[in-house]
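Dear colleague,

Here is the structure that I promised to hand over. Please have the sequence and the model open side by side while you read the notes below.

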Amino acid sequence: MSEKSKKVLFVATVVKTHIMQFHIPYLKMFKDMGYETVVAARNDYENPEDCRIPYCDHYIDVPFERNPFCYENLRCYKKLKSIMDEGEFSIIHCHTPVGGVVGRLAAKKARKKGTRVIYTAHGFHFYKGAPIKNWLLYYPAEKLCARFT
């Protein structure tokens, strides 16, 4: 990967209630370090035109659904895989349970090319006292995807 292609991709399920709440300082940090910044997430603004992400060079609307069983997330995987395979990213930073799993799985080819894949957990859905269905669904997914980061 050449020095001129310093690009970072942030992947999360939604923009307004996740990217805007947690990641603006990090997007700024990467911009200040000379990276091209890209965000891939669902536009969850009531008025889609209100979706303006500071310090983001390119925004890609990826229509994630929070339900991990929703068929639309398979389309999101394909879209993300295409973005990652063509994007020559230095870093792919994944967030949120569904965005994190789909993003890490889609980054397989990018990892082989030297892209660093990072996952930041903002709280797991499985914890002491959590419903058993959370443990059965989210724990195996996180266990599997841990090897991809």
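The notes below go from the whole chain to the sheet, then to the helices, and end with one loop residue.

Please keep in mind that this is a predicted model, in which local features need pLDDT of at least 70 and side-chain atom pairs count only at pLDDT 80 or more, whereas totals for chains, interfaces and linings use all residues. Residues are numbered from 1 along each chain as its sequence is written, and side-chain values use heavy atoms, with hydrogens and water left out.

The chain as a whole

The secondary structure comes to 6 helices and 5 strands, where helices (H or I, at least four residues) and strands (E, at least two) are DSSP runs numbered from the N terminus. Read from the N terminus on, the elements follow the order β-α-α-β-β-α-β-α-α-β-α. Of the 149 residues in the chain, 44% are buried, buried meaning under 20% relative accessible area, exposed over 50%, and partly exposed in between, with a 1.4 Å probe and protein chains only. Among the contacts in the chain with a separation of 6 or more, 63% are between residues 24 or more positions apart, a contact being heavy atoms within 4.5 Å.

The sheet

The strands form an open sheet of 5 strands in the order β3-β2-β1-β4-β5, with parallel pairing; two strands count as paired if DSSP finds at least two bridges between them. In general, the strands of a sheet pair through backbone hydrogen bonds, either parallel or antiparallel. The edge strands here are β3 and β5 (116–120), each of which pairs on one side only. Direction ignored, neighbouring strands are turned by 20° against each other on average; axes are lines fitted to C-alpha atoms, for helices over the stretch in contact, and angles run from 0 to 180 degrees between N-to-C directions.

Going through the pairs, β1 (residues 7–14) and β2 run parallel and are joined over 6 bridges, with R42 in β2 as the bridge partner of V14. Strand β2 (residues 36–42) is mostly covered, since 5 of its 7 residues are buried. Towards the β3 edge, 4 bridges join β2 to β3 (residues 58–61), again in the parallel sense, and there V39 has Y59 as its bridge partner. On the other side of the sheet, β4 (residues 91–95) pairs with β5 in the parallel sense over 5 bridges, where H93 stands opposite I118 and C94 stands opposite Y119. The side chains of β5 alternate, in that V117 and Y119 point to one face and are buried, while R116, I118 and T120 point to the other and are not.

The helices

Helix α3 (residues 72–87) and helix α4 (residues 97–106) have axes that come within 9 Å and cross at roughly 50°. The two are therefore oblique to each other, given that angles under 35 degrees count as roughly parallel, over 145 as roughly antiparallel, 65 to 115 as roughly perpendicular and the rest as oblique. Their contact is made by N73, C76, Y77, L80, K81 and M84 of α3 and by V98, V102, G103, L105 and A106 of α4. By class, this contact has 8 nonpolar, 2 polar and 1 charged residues, with Ala, Val, Leu, Ile, Met, Phe, Trp, Tyr, Cys and Pro counted as nonpolar, Asp, Glu, Lys and Arg as charged, and the others, Gly among them, as polar. In α4, 8 of the 10 residues are buried, so this helix is largely enclosed by the rest of the structure; V98, G99 and G100 are among the buried ones.

Earlier in the chain, helix α1 (residues 15–22) and helix α2 (residues 24–32) pack at an angle of about 55°, with their axes 4 Å apart. Here I19, M20 and F22 in α1 meet I24, P25, Y26 and L27 in α2, and by class this contact has 7 nonpolar, no polar and no charged residues.

One loop residue

R66 has its place in the loop between β3 and α3 and is exposed, with a relative accessible area of 61%. Not counting residues up to four places away in sequence, R66 touches T13, R42 and V98. The C-alpha atoms of R66 and T96, which are 30 residues apart along the chain, are separated by 9.2 Å.

With best regards
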